[in-house]
Amino acid sequence: MAKMWTGRTDGITDKIADDFNSSIKFDSRMYKQDILGSMAHASMLGAKNIISTQDADILIDGLDKILKDIENGDLQIDYSAEDIHMFIEQVLTERVGEVGKRLHTARSRNDQVALDTRMYLRDCTDEIIDKIKLLIVEIADKAYEHKSSIMPGYTHLQRAQPITFGHHLMTYAMMFLRDIDRFNDLKKRIDICPIGSCALAGTTYNTDRDMEAKLLGFTNVGLNSIDGVSDRDFCVEFNSDASMLMMHLSRFSEEIILWTSWEFKFVELSDAFTTGSSIMPQKKNSDMAELVRGKTGRVYGNLIGILTMLKGLPLAYNKDMQEDKESVFDSYDTIKMCLDVFAPMIKGMNVLTENMLVAAQKGFINATDLADYMVKKGMPFRSAYKIVGTIVSDCIKNNKVLETMTLDEYKKYDQIFDNDLFDEINLKTCVEKRISKGGTSPESVQKQIDFVKEKLANV
């Protein structure tokens with residue numbers, strides 16, 4: 001395609017330079033946003049009599065037909081074009097003639113690119129929020145099924161205290177709720193319309209930027225034209241929010257990978273979300289969770305990449321900024337794919353509650369409860385802590401657990417013990433009596449589920 005910026009130069013560039021300079025292979029996905037932005041721009045130009053209303057109508061009609069033709073496959077994007085903006089403008093001019101050359105009045109590719117990127121990421125952000133909501137629903141539903149299922153809670157990957165599986169799952173629901181909050185907050189920074197900033201200094205035409213912004217669904221207009229074309233903070237923030245989301249998905253993936261191992265065997269994933277080995281017929285691998293964990297690195301890389309690209313740029317627009325799109329597009333594609341696989345993987349996960357209970361019984365995870373029992377009887381906590389530590393040590397030597405010791409054996413350590421201690425150290429009791437707000441009792445887990453579902457209904 002002929003270059004629309006010829007004039008200062010003859011527009012004849014080396015094929016290698018053309019390929020290096022071109023962005024259409026990745027920015028073509030913004031064709032819809034580019035066309036809608038141009039339609040709004042044509043409407044504003046006509047309303048302000050910068051071009052005739054008749055010309056504005058021709059431009060809008062021509063752009064609408066291009067959009068429909070691309071979406072129904074009648075118009076193929078020409079990947080030899082420099083970018084999607086030039087491709088659409090050139091097709092428009094070929095179709096409507098000289099009127100097509102009026103479209104670019106009172107704007108630059110600089111503010112046009114910034115606008116398209118904001119509109120595209122606005123749509124991406126809404127879609128990601130919806131997908132996170134679906135994942136949280138699956139987590140909450142699974143937590144409801146297992147709000148009383150006892151498992152060992154861990155610190156330092158050592159069995160620590162009894163919790164419920166529902167309580168553990170709701171931890172991730174809280175993480176993903178914060179991710180929704182972050183993406184919603186990002187939308188405030190995206191919601192600033194840059195169109196009308198032109199190359200960097202604004203324009204001599206009497207434009208109506210507020211009208212154009214409103215037509216495109218923006219509530220705010222950028223108040224500094226240089227910032228309008230040079231701001232990519234919202235791209236950095238998108239990659240940052242995506243990185244945080246992937247970090248949460250990766251932590252969840254790591255636990256699923258551990259839980260599905262023979263050493264834990266707490267859960268089993270559906271065959272639909274596992275793979276086998278090419279040589280070991282007994283294997284059932286948690287490959288989807290492993291891939292999510294692995295893909296976290298590429299999203300982190302996108303964040304570091306865009307920060308590094310921007311760190312030394314003088315104002316206003318520089319071609320370096322073309323590197324923003326591949327980074328945010330890849331982050332979007334990656335988190336979308338990971339969320340799409342994660343929700344059904346959780347839904348189809350089979351929880352092996354008996355294995356969890358057995359693991360909980362073997363880990364002395366009711367030792368704190370035994371110490372608390374002694375404190376309630378009047379003993380200082382540190383004294384109780386030391387006695388219980390000695391009891392646990394002796395149990396390990398004698399291949400016993402706290403529940404299998406007799407009352408007479410307990411009384412050898414201190415006369416404070418009585419028959420009621422066995423109810424206190426029962427794992428079911430240990431879980432149920434943790435009534436503090438946010439604790440692991442089934443009642444508390446239900447309150448967490450209710451909170452999350454109410455929050456989802458209002459975000």
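## Helix 3 against helix 4

Helix 3 and helix 4 run roughly antiparallel to each other, at least in this predicted model. That label follows because their packing angle is about 170°, and anything over 145 counts as roughly antiparallel. The two axes sit 8 Å apart, with helix 3 covering residues 31-47 and helix 4 covering residues 53-71.

So who's touching whom? On the helix 3 side, the contact includes Tyr 31, Lys 32, Ile 35, Leu 36, Met 39 and Ala 42. Helix 4 answers with residues including Ala 56, Leu 59, Ile 60, Leu 63, Ile 66 and Leu 67. Sorted by class, the contact comes out at twelve nonpolar, four polar and three charged residues.

## Helix 7 against helix 10

Further along the chain, helix 7 (residues 165-190) packs with helix 10 (residues 233-259) at about 170°, and their axes are 9 Å apart. Helix 7 and helix 10 are therefore roughly antiparallel as well. Their contact splits into 16 nonpolar, two polar and seven charged residues.

## Asp 116, buried with no salt bridge

Now for a single residue. Asp 116 belongs to helix 6, which spans residues 109-145. Is this side chain buried or exposed? Asp 116 is buried, yet has no salt bridge. The nearest side chain of opposite charge is Arg 107, 6.6 Å away; a salt bridge would need to be within 4 Å.

What does Asp 116 touch, leaving aside residues up to four places away in sequence? Its contacts there are Met 30, Gln 33, Asp 34 and His 85.

Methods: Residues are numbered from 1 along each chain as its sequence is written. This is a predicted model: local features need pLDDT of at least 70, side-chain atom pairs count only at pLDDT 80 or more; totals for chains, interfaces and linings use all residues. Side-chain values use heavy atoms; hydrogens and water are left out. Helices (H or I, at least four residues) and strands (E, at least two) are DSSP runs, numbered from the N terminus. Buried means under 20% relative accessible area, exposed over 50%, partly exposed in between (1.4 Å probe, protein chains only). Lys and Arg count as positive and Asp and Glu as negative; His and the chain ends are not counted. Contact means heavy atoms within 4.5 Å. Axes are lines fitted to C-alpha atoms, for helices over the stretch in contact, and angles run from 0 to 180 degrees between N-to-C directions. Angles under 35 degrees count as roughly parallel, over 145 as roughly antiparallel, 65 to 115 as roughly perpendicular and the rest as oblique. Ala, Val, Leu, Ile, Met, Phe, Trp, Tyr, Cys and Pro count as nonpolar, Asp, Glu, Lys and Arg as charged, and the others, Gly among them, as polar.
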